[in-house]
Amino acid sequence: MIEQDIQNEIEIQTIEPLPAERLESVAGWGGAHSGMGYVYRPSTVAQLRELFQWAAANHRTIGLRGGGNSYGDAAMNDERIVLDLTRMNRILEWDPENGRIKLQPGVTLKRVWEYVIEDGWWVPVATGTAKITVGGGAAMNVHGKNAWKLGTFGDHIYEFDLMLPNGDIKTCSRKQNSDLFHAAIGGFGMLGCFTSLTLHLKRVYSGLVAVEALTKPNLGSTMQWFEDHLHNSDYLVGWLDAFSKGKRLGRSELHRGIYLKPGEDPNPAQTLRLETQKISPDIMGFFPRSALWRFQRPFWNNFGMRFVNIGKFYAARLKDGATYREPHAHFHFLLDSLDWKKPFGPGGLIQYQPFIPAENAEATFSQILQLCQQRGLPNFLTVMKRHRPDPFWLTHGLDGYSLAMDFRITNHNRARMVSLARELDEIVLGANGRFYLAKDSTLRPAVARAYLGEETVSKFIALKQKVDPQNLLQTNMYRRLFGSP
Ligand SMILES: Cc1cc2nc3c(=O)[nH]c(=O)nc-3n(C[C@H](O)[C@H](O)[C@H](O)COP(=O)(O)OP(=O)(O)OC[C@H]3O[C@@H](n4cnc5c(N)ncnc54)[C@H](O)[C@@H]3O)c2cc1C
């Protein structure tokens, strides 16, 4: 016993301190959560391994970070090591005949589509921002506006290399190390670090998408529209006015996108060029998009947003039924040209995105929207998508709908927001719904276990103990949801 104590004492004395010059502010994208972390930015696999080994030898923990676009604490590791992987950003192999691409984890989605589009390929899963890295996208198993049709990011990963905490690299695919494959995709960086990923891309025959824009007067007609168009669309997405009530509850602006077939674009060589895809930094040729937030800021409160939502709905109604062709990048990534979170102010925002089975979705979303209004916390931006199940262990996917809701956070409403989230959690669990770690910042361990299922959580934790016995890989989110080991 005494010998063990002496041994522990010697170990503690030989632990190297973390260098103060590495200390930086590390925040979730929403800005409502921030802390300080010791940030390292490896550029090679060898450096990554060295950092893993140094951290293990010095009893430190490591949180992995891609582009930092998760809204909450998924890529934060307060007062501990954060490995920012954005310098591991090389395109390793590209086969333009078959659309197969091998990438280092820090390559962004933007870099991928810009690299491949002139060869007639597009990213099969495009998130609302192209600033995410492929490593971060795989770790959260992200989805796009076509999730019901093409599934999630993981569905398009052919194989990946994963560096385990002991420095070994495992190649994983559906056939090889299949457990690790299905657990690390969506495994929020807790099993290892992706060092390369091979993806299958989507063939396109034009740089344009055919778009139809329309409005619906309430939640029921909005959801019926989705159901009616699942079979004949490539993308479906809805924006909902979260302030509307009564018969107008859930009224919406909807967009439907369809790929052009071979021959439908008279000049694909031109539309597939990068120049066609570029989003102009100015609105109407003179007003910088990046400055728009200055005009939005005074309206970004409950009073102003009511009018912004009404204005947006009626502006959309004026163009009801409009059809047009739009470059892929405009259709997916317009938000990237705006300083989207700035109008929310210094407290930032949190996003709450429940996933509800199709059969319960209308009643449950109706309850959720009304509860937010009753609590005086209507969400400012609300986006609806359709989904399908996937085979990944910690999946958020199901045969149903999600509603992504942005809430502004201030010193005055933070505590109320947390208690609203608690109430919403109960509604979602009661409807057999699921949650999404990329957006989460409020879930508690019991809720996470309830939606993921005890069996799945135990299986995941057992695999983590096997590949990471020292619990080297940790983040704030991991400690929040699965307890401090
Ligand atoms: C404006 C905006 C719009 C968005 N729209 C969508 C959307 O439409 N659909 C959607 O699904 N999501 C969406 N998101 C969320 C975003 O796609 C996810 O949070 C994504 O995981 C972010 O990727 P990232 O590279 O920024 O990773 P980070 O946020 O930095 O990290 C995400 C997770 O990945 C882990 N990780 C990072 N790199 C690695 C690696 N190399 N190996 C192992 N683990 C790693 C981290 O530990 C963390 O748990 C949106 C986010 C924003 C800001």
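**Exercises on a predicted model**

In the hairpin of strand 1 and strand 2, where six residues lie between the strands, Gly 31 takes a positive phi near 80°. The model is a predicted one, in which local features need pLDDT of at least 70 and side-chain atom pairs count only at pLDDT 80 or more, while totals for chains, interfaces and linings use all residues. Residues are numbered from 1 along each chain as its sequence is written, and side-chain values use heavy atoms, with hydrogens and water left out.

**Exercise 1.** Determine in which sense strand 1 and strand 2 pair, and find the bridge partner of Ser 25.

*Solution.* Strands here are DSSP runs (E, at least two residues), as helices are (H or I, at least four), both numbered from the N terminus, and two strands pair if DSSP finds at least two bridges between them. Strand 1 (residues 23–27) and strand 2 (residues 34–40) pair in the antiparallel sense over five bridges. Within strand 2, the bridge partner of Ser 25 is Met 36.

**Exercise 2.** Work out the strand order of the open sheet of five strands, and explain why one side of strand 5 and of strand 9 is left without a neighbour in the sheet.

*Solution.* The order is 5-6-10-8-9, with antiparallel pairing. Strand 5 (91–95) and strand 9 (169–173) stand at the edges with a single partner strand each, so one side of each has no neighbour in the sheet. Inside this order, four bridges join strand 6 (residues 100–103) to strand 10 (residues 193–200), and Ile 101 stands opposite Leu 199 in strand 10.

**Exercise 3.** Describe which residues surround the ligand, and which elements supply them.

*Solution.* Begin with the shell, where a residue counts as near if one of its heavy atoms lies within 4 Å of the ligand: 33 residues surround the ligand, and the closest are Leu 64, Asn 69, Ser 70, Thr 133 and Tyr 436. Next, consider the elements: strand 3 (62–65), helix 4 (134–140) and strand 10 each supply at least two residues of this shell, and helix 4 gives the most, with four residues. Then turn to the polar contacts, which are pairs of N or O atoms within 3.5 Å. A backbone N or O atom of Leu 64 lies 2.6 Å from an oxygen atom of the ligand, and for Gly 67 the corresponding distance from a ligand oxygen atom is 2.8 Å.

Conventions
A polar contact is a pair of N or O atoms within 3.5 Å; within protein, one must be able to donate a hydrogen and the other to accept it, and residues adjacent in sequence count only if both atoms are side-chain atoms.
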